[in-house]
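Welcome! Please take a look at the sequence and the 3D structure shown here, then read on for a short briefing.

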Amino acid sequence: MSVPDYMQCAEDHQTVLVVVQPVGIVPEDQFFKIYKRIASVSQVSIRDSQRLLIRYRHHYLPENNEWGDFQTHRKVVGLISITTCASAKEWPQTAERFHGQKEVYSSTLYDSRLLVFGLQGEVAEQPRTDVAFYPSFEDCPDVEKRVDDFVGSIFIVLESKRLDRATDKSGDKIPLLCVPFEKKDFVGLDTDSRHYKKRCQGRMRKHVGDLCLQAGMLQDALVHYHMAVELLRGVNDFLWLGAALEGLCSASVIFHYPGGTAGKSVARKPSISQPADAGKRHRPGAQEVLIDPGALTANGISADTSTEIGRAKNCLSPEDIIEKYKEAISYYGKYKNAGVIELEACVKAVRVLAIQKRAREASEFLQNAVYINLGQLSEEEKIQRYSILSELYELIGFHRKSAFFKRVAAMQCVAPTIPEPGWRACYKLLLETLPGYSLSLDPKDFSKGTHRGWAAVQMRLLHELVYASRRMGNPGLSVRHLSFLLQTMLDFLSDQEKKEVTQSLENYTSKCPGGMEVITLPDGLKLPPVPFTKLPIVRSVKLLNLPVSLRPHKVKGLLGQNMSTASPFIYSPIIMHNRGEERCKKIDFQWVQGDVCEVQLMVYNPMPYELRVENMGLLTSGVEFESLPAALSLPAESGLYPVTLVGIPRTAGNITVNGYHTSVFGVNSDCLLEGLPAVKTSGCLVEVIPSLPRLQLSTSLPRSAYTPQPTSKEELSSTVSVQLFNGETQQLTITLENIGSEDIETLELTSKIVSTKEKVFGEFLSWELEEALSHLPLKSGQAVTLTVSIKVKLDFSGQENLLQDLNDDGISVTGLPISSPLRQVLKPRPENKTVSSESGKAEYSHIKTLEAVLNFKYSGGAGKVEGYYRELSLGVHVDVEPSVFFTRVNTLPATSTRQCHLLLDIFNPTEHELTVSAKNNQELVLHASECQRMAIQVDKFDFESLPQPDQEKARFTNPKQLEEDRQHAQGCQINSKLGICWSIPSLRRRGEASVEGVLNQLVLEHLQLAPLQWDVLVNGKPCDCDVIADCKAGDAVTLEVQLTNRSKNSVGPLALTVVPYQDFQNGVQNYNLEDAVTFIGSNTFYIDTVKPKENSVCVGALLFLYTGDFYLKIKFQDDSAGRELPLAWFTLPSVHIRALATPLQAGA
């Protein structure tokens, strides 16, 4: 016997073997259809207490049948033949074939049956017990009944043989049962010796035990086995002693484990026995286990063993079963020709130990089975042997050992000796080894925790899978397995191995590109996709905000769409955080439909050579998104490297960035962030708002590379830079072009000065927006221009160190007498000491900086409907060079009380010749670093007429601020009257100069009209500004004094005294003029109380008795009312009267 039945188990010893075979040509599918129906009759109840179990086979080697005397369950006792017969003519030939088939097993057959399909007529109508005729394979309702009767007849023969052999006939000679290889050894033996008789008795007793076990008499079988063991042990008949011990073990196993030892797939419920895949196992050597050994009640032994322990005195304990198996196997091992028996006994013992959960001992039996030599086995038998060893190791929990033998079986499928290697079978077996080596085909199993299993073995196995799939002619499978190897084993590959694997992968993908589809194998196994999440490795994903100029802003006062669903609580401590929520939380900025959006990935290349990533883009959901793929090349072991992926959302809504896709080595990968817990992200959900227009800005001034100060919060779209002299004005032309697809419907412009170090006088930036607004809505591609005036007016006052430096030069500026009108021009500075020397430049030519931001707000399209707008910010950076400095300002009284002289010391800090002019004044030319004085006669100012802040505003404003505003208004009024301008002819530059920052309080008082305005009229003509009033000596001269009260309070009463005198222009004044001047009436004028905004006039007269020049001094009498007010309020103009004798003299 050379072919072992690896599916055998201990309970098979109680079954009888029936072979079902076709006769002639029978369709395979029809044969197995009938075979399954026959095999469904796996047990037949004979009496109330007995049951016969049948084991069916559709192929059985006749040489195995020769071992039927050694173990009766190996003996073919029944034959069922299935044939087709179309006509009566074919019947004799069919019958002859059936008899020939019976002859093969004639030595052991108890009974046989022939099932004929397709024959009708006289032949079919003849009643026969051993033949059943059916019209067709479909019309055969009583097949099971026929088989049941057939099994009953087998039992009758079995029972008769058991009774015949069991009866002790002392007169008869007991025959010697032999196995095939023993027959030649017993030729010439003494058959009368006691040793020979004992051998015969022992073997027969063992044989009867087998028959009793098959007949369902478990207790009798145990007794016979025990007796056989004793007899055979005495004569050292080791082969049959082993068989007796194995029979004892089998009977004990049947008693202890009524559910069977063949495993869950074989053990079935009683009366529902179905053959396991009987229709598929039709290759030679295939073995089926088709019986149910459970729920035995044979010989009164019920399935409930707890009540039968006492009766089963001869039954072995579970521990003894294994010991006896060991002993039996050791006896089998003594015989070279009993290798199959030994191997099968090992397998049976392993199945028992598996139920007993004694894995280590089971492994010893299996180890023994590995080394049993069965002679020359075919390749198919070797494959079957290793596969069964693998299954048995799996059964006892030795998964890695099981995988080892499964892999050996796989390699055996493609052994060099096989003319047509079975690569498909090899591949299938290799797949089955994966769990044993802690491998799966799902890369997700390798993304969590530490690596499980031996990486070196796993890589070898994966390489073998790649090779097998290639030899199968399936490059797609090779790509998938090689991708899996590279993805999961990257950390264990050497640099050289990485290079080799990637080269192989590129070779495969050139024929069959790798993708993300699930590969389904013919047997239904699915290979999940393998995304390359390590090529390159991504450490963080960050969604980037739009550029500053494109960011959308919500109109204040409009609630967002998501405000209605927001929590009503300002703060809630019950916030559950987890990584998933963090990843899905909405980011606090928006993207805009139709605009390019960016996501930044920090990646690095773990490979020892440059990694080319082609077609890298974003995976999104939620809105329609057009991904714009990028290609990148990462240097070897690059470290963190930023990569920006871009795309355009085509619809509005909430977009989620789910991951990214790459193409590396010809393999397309979709890498999802949810499967990459190590990737850091601040959120992947962002709102996409409806589309907004885009505005592009260009200017007439050059753009500046100047970076705004960090104090400014605005991030500028662009900046223009210009250099101006203080007081100069520059026109900035801005062109606004609509480069988007939406119309610009609204446009607003605001400005803000960013740098606040310098005080700016007047409007820095000014514009007219009406013309630009008239062009709205601005269509796509259209442009509009806007002119902005940049006017810089900083403080024109000179610093203290400048004054000091001028004094050091001997130019008395501060010491100049206020009353001296003589020195108008300062002498030029010496050449050896100029303010523009290197030390002085830094002090006096200091360039000041002004920064402002022009902010354009614009909107349109669907985004405007939702309440969004965009901002475009233009930075204006102005370097202000000093033009002129007013180093000193003073006033001199003019001849008129309503005028005064404003004295300005003007310094030219530039390196160019500069001219200064004022209204009604000649130009003053200043050379570089020269200082000169300019005297300007100005009318005094009525500051009271300036608009006053309302009471409500004044109440809530800082008093200091109110004072500054008041001084600013006064300065503006003075500047407008003075109209001081400068120009640099060589540069063709001109501008204004402001005295606003240099006027102190004293000067302002001098320039202000007194609140009490006095007018003196002589003969009805105003007398002021050195006007000489002419009169005739001897004529009465009328003198009017008029008071206008511009103050806020009432003034008076006042008394004025008129005192005449003569000035001899030598410092001598004559007040003794009683003989020359006489008053008509009193020389004292009385003025009653004058209310605000009112006036009062008092009139008197004088008489000049002689000709000459006379002066009138009008003095106030000391009284309490007048002294409360400042003296400056009572400054009356001096009166110069020239008395003439005749009109001719007056004309001369």
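What follows covers a sheet, two nonpolar cores and one buried residue. This is a predicted model, in which local features need pLDDT of at least 70, side-chain atom pairs count only at pLDDT 80 or more, and totals for chains, interfaces and linings use all residues. Residues are numbered from 1 along each chain as its sequence is written, and side-chain values use heavy atoms, leaving out hydrogens and water.

**The sheet**
- An open sheet with mixed pairing is built from 5 strands, in the order β14-β16-β12-β9-β19 (strands are DSSP runs of E, at least two residues, and helices are runs of H or I, at least four, numbered from the N terminus; two strands pair if DSSP finds at least two bridges between them).
- β14 (625-628) and β19 (680-681) each have a single partner strand, so one side of each has no neighbour in the sheet.
- Strand β9 (residues 537-544) runs parallel to β19 and is joined to β19 by 2 bridges.
- Val-541 stands opposite Thr-681 in β19.

**The nonpolar cores**
- The largest nonpolar core has 100 residues (a core is a set of buried Ala, Val, Leu, Ile, Met, Phe, Trp, Tyr and Cys residues joined through side-chain atoms within 4.5 Å; buried means under 20% relative accessible area, with a 1.4 Å probe and protein chains only).
- Helix α8 (residues 238-256) gives the most to this core, with 12 residues.
- Apart from this core lies another, of 84 residues, including Phe-484 and Leu-543.

**A buried residue**
- Phe-725 is found in strand β22 (residues 718-725) and is buried, with a relative accessible area of 4%.
- Phe-725 and Pro-882 are 157 residues apart in sequence, and their C-alpha atoms are 5.7 Å apart in space.

Note on methods:
Buried < 20%, exposed > 50% of the residue type's maximum accessible area, 1.4 Å probe, protein only.
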